Amino acid sequence: MTDPKDELGQRFDDRRADSGGNESGESSDDEGSDNMSQSGTTDNADSTGTTDNSHNTGDSSDTDSTGNPGPDPNPDSTRNRRQVPMYLPEAKADQLNNLYDRLDGQSKVAGDGGIEKHADFMETLVEFAIDHEDELADRLEIDE
């Protein structure tokens, strides 16, 4: 009787991209899974070679404003802002998205370019609510 850990280790070695094939000489009960793992290994090896961007050092999209790899450390960039989720009913979420689309379209037609959804639209929406606190309190039916 073989140790299950050894058997699992052998299966893992058989499927590794650098193993070069089945060295154990044992045949598998499920030939379909062996074919799948071998074709998956070949596909992964091909796709790994095409997704390696180490040779593409001149691409500025992979670097921040200081020329270092990674996301922009600028504290004002959208990526570095705090995320605040809103849980809205479908109808309200659709209305909000439609409002953004209309205002973005108006901005483009006016020749001002589009507006960014989070950096421009959502931030301004929150500022508007804060600036109109009294009206917001009335809509929430909060007594003064």
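Trainee: Which residue does the side chain of Asp104 meet in a salt bridge?

Mentor: Quick heads-up: this is a predicted model, where local features need pLDDT of at least 70 and side-chain atom pairs count only at pLDDT 80 or more, while totals for chains, interfaces and linings use all residues. Residues are numbered from 1 along each chain as its sequence is written, and side-chain values use heavy atoms, with hydrogens and water left out. A salt bridge here is a side-chain nitrogen of Lys or Arg within 4 Å of a carboxyl oxygen of Asp or Glu. At 3.3 Å, N to O, the partner of Asp104 is Lys108.

Trainee: And how are Asp104 and Lys108 separated in helix H3?

Mentor: Helices (H or I, at least four residues) and strands (E, at least two) are DSSP runs, numbered from the N terminus. Asp104 and Lys108 are four residues apart in helix H3, so the separation is about one helical turn.

Trainee: Is Asp104 buried or exposed?

Mentor: Go by relative accessible area: buried means under 20%, exposed over 50%, and partly exposed in between (1.4 Å probe, protein chains only). Its partner Lys108 has 52% and counts as exposed. Asp104 has a relative accessible area of 10%, so Asp104 is buried.

Trainee: Leaving aside neighbours within four places in sequence, which residues is Asp104 in contact with?

Mentor: Contact means heavy atoms within 4.5 Å. Leaving aside neighbours within four places in sequence, Asp104 touches Gly114 and Ile115.

Trainee: Where does Ile115 lie, and how far apart in space are Ile115 and Leu103?

Mentor: Ile115 is in the loop between H3 and H4, and with 24% relative accessibility it counts as partly exposed. Not counting neighbours within four places, Ile115 contacts Tyr100, Leu103, Asp104, Ser107, Asp120 and Phe121. Ile115 and Leu103 are twelve residues apart in sequence, while their C-alpha atoms are separated in space by 7.9 Å.

Trainee: Ser107 touches Ile115 too; which others does Ser107 touch, not counting residues up to four places away?

Mentor: Ser107 sits in helix H3, and it is buried, with 12% relative accessible area. Besides Ile115, Ser107 touches Asp112, Gly113 and Gly114.

Trainee: How many salt bridges does a search of the whole structure find?

Mentor: You already know Asp104 with Lys108. Another joins Arg139 and Glu135, at 3.9 Å from N to O, and Glu123 pairs with Arg81, with the closest N and O atoms 2.6 Å apart. Searching the whole structure gives a count of three.

Trainee: How many residues apart in sequence are the parts that Glu123 and Arg81 tie together?

Mentor: Glu123 forms its salt bridge with Arg81. Glu123 belongs to helix H4 (residues 117-131) and Arg81 to the loop between helix H2 (31-51) and helix H3 (90-109), so the parts tied together are separated in sequence by 42 residues.

Trainee: In which helix do Arg139 and Glu135 both lie?

Mentor: Arg139 is exposed, at 67% relative accessible area, whereas Glu135 is partly exposed at 42%. The two are four residues apart, about one turn, and their shared helix is H5.

Trainee: Which residues make the nonpolar surface patch?

Mentor: A patch takes residues with over 30% relative accessible area and no salt bridge, joining like charges within 9 Å and nonpolar side chains (Val, Leu, Ile, Met, Phe, Trp, Tyr) within 5 Å. Areas come from the Shrake-Rupley method with a 1.4 Å probe, and for residues only the protein chains shown count as cover. Ile142 is in the segment after H5 and is partly exposed at 47%. The patch, about 280 Å², is made by Leu136, Leu140 and Ile142.

Trainee: And which residues form the negative surface patch?

Mentor: Asp and Glu count as negative and Lys and Arg as positive, with His and the chain ends not counted; a charge is placed at NZ of Lys, CZ of Arg, CG of Asp or CD of Glu. Glu144, in the segment after helix H5 (133-139), is exposed at 90% relative accessible area. The members are Glu133, Asp134, Asp138, Glu141, Asp143 and Glu144.

Trainee: Zooming out, what percentage of the 144 residues in the protein chain do buried residues make up?

Mentor: The chain has five helices and zero strands. Its accessible surface is about 12,300 Å², with 50% belonging to carbon and sulfur atoms. Of the 144 residues, the buried share is 9%.
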